[in-house]
Amino acid sequence: MLSGSFPALVTPFRDEAFAEEDYRSFVEWQISEGSHGLVPCGTTGESATLNSAEHRRIVETCVKAANKRVPVVAGCGSNDTAHAIALTRAAKEAGADAALHVPPYYNRPNQEGIYAHFAAIAEAVDIPIVLYNVPARTVTDIGVETMGRLARIDGIVAVKDATGNLARVSAQRAACGAGFVQLSGNDDMALGFNAMGGSGCISVTANVAPRLCSEFQEACLGGHYARALEIQDLLFPLHSALFTDASPGPVKYALSRVRPDFPSDLRLPMTAASESSRRAVDEALAHAGLI
């Protein structure tokens, strides 16, 4: 279930409200372009600005639009364990296939607290859990030893690794076992990540270039690394350009260029990409042949 290209879907808004029809159309396009799974309500989906009712509605909309054609991994992270459990329970009831969880941010528990947080979620809700290790955002790092302990809990099946440290892939294979799924959280590093034992990417770039991203992952999974490198060279400027300003500003701008009817509205505190960022995105889209 958890391999290939999984776009971390942006959330479309119109007049501050969730644009449901735009989202349905977006999901349909993602599937038709070859995405292997979908991730609603992640960081790229502006999850921090969603209330609980919106979170549930977005997951439900994604699940219904996907209609079991690809798996849906719902972002459910919170630094409040009880709230994380509530979001996970709602995602399961909405039909999600798995839940994505960051370690608690801001309150910054120690490794035992991180373990206890995830263990409590796994015990409370019977759904596959994908850990999301992104220290640059959470200021907490799921240590390799802690991840090895977590991998022994039934239901904790994978990690989205956005540490930016490729050596972690090998270290985590040793600690968690080769069967523990590792997905890159960094588009620019996905080639090396897969070569070291990864099986896919939860991707920002796939929002804009789903077909190229799915072809890239299929090449990696098939061991066709020369072809994967060709696609990497096409996409690398875009991987970089989408983070030339605070995300998801640049990726929403990029989507407005490849899907002109797609709304680029953001909720505060996020604001539109700067002029220099938009220029970098345009150049990268042209380089990839997307405009």
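In which helix is Leu235 found? Leu235 is found in helix α10. The model described here is a predicted one.

**Two buried residues in helices**

Leu235 has a relative accessibility of 2%, so it counts as buried, the cut-off being under 20%. Setting aside residues up to four places away in sequence, Leu235 touches Thr205, Ala209, Leu212, Cys213 and Ala288. One of these partners, Leu212, is 23 residues from Leu235 in sequence, and their C-alpha atoms are 8.0 Å apart in space.

A second case is His117, which is found in helix α4, residues 111-124. His117 counts as buried because its relative accessibility is 3%. With residues up to four places away in sequence left out, the residues touched by His117 are Ser78, Asp80, Thr81, Ala84, Val102 and Pro104.

The table sets the two side by side.

| Residue | Relative accessibility | State |
|---|---|---|
| Leu235 | 2% | buried |
| His117 | 3% | buried |

**Nonpolar cores**

The largest nonpolar core has 75 residues, and within it Leu131 and Ile156 have the most contacts. Beyond four places in sequence, Ile156 touches Phe118, Ala122, Ile129, Leu131, Leu150, Ala151 and Phe180. There is also a second, separate core of 15 residues, with Leu2, Phe6, Leu100 and Val130 among them.

**Helix α11 and what covers it**

Helix α11 runs over residues 249-258 and is mostly covered, with eight of its ten residues buried. These buried residues are Gly249, Pro250, Val251, Lys252, Tyr253, Ala254, Leu255 and Ser256. The elements that cover them include strand β2 (13-14) and the helices α1 (20-32), α10 (225-241) and α12 (275-287). Helix α10, which holds Leu235, is thus one of the elements covering the buried residues of α11.

**The largest pocket**

The volume of the largest pocket is about 1,100 Å³. Its lining is made of 47 residues, and those nearest the pocket centre are Gly42, Thr43, Thr44, Tyr132 and Arg137. By type, the lining divides into 20 nonpolar, 22 polar and five charged residues.

Which element gives the largest share of this lining? That element is α5, with three residues. At least two lining residues each come from α2 (52-66), α3 (81-94), β5 (98-101), α5 (135-138), β9 (200-203) and α10. Helix α10 therefore appears twice in this account: it helps to cover the buried residues of α11, and it supplies part of the lining of the largest pocket.

Terms used
Residues are numbered from 1 along each chain as its sequence is written. This is a predicted model: local features need pLDDT of at least 70, side-chain atom pairs count only at pLDDT 80 or more; totals for chains, interfaces and linings use all residues. Side-chain values use heavy atoms; hydrogens and water are left out. A nonpolar core is a set of buried Ala, Val, Leu, Ile, Met, Phe, Trp, Tyr and Cys residues joined through side-chain atoms within 4.5 Å. Buried means under 20% relative accessible area, exposed over 50%, partly exposed in between (1.4 Å probe, protein chains only). Contact means heavy atoms within 4.5 Å. Helices (H or I, at least four residues) and strands (E, at least two) are DSSP runs, numbered from the N terminus. On a 1 Å grid over the protein atoms alone, a cavity is a set of points where a 1.4 Å probe fits but cannot get out, and a pocket is an open set with protein on both sides within 12 Å along at least five of seven lines; lining residues have an atom within 4 Å of a point. Grid points are joined across faces, edges and corners, and a volume is the space filled by probe spheres set on the points. Ala, Val, Leu, Ile, Met, Phe, Trp, Tyr, Cys and Pro count as nonpolar, Asp, Glu, Lys and Arg as charged, and the others, Gly among them, as polar.
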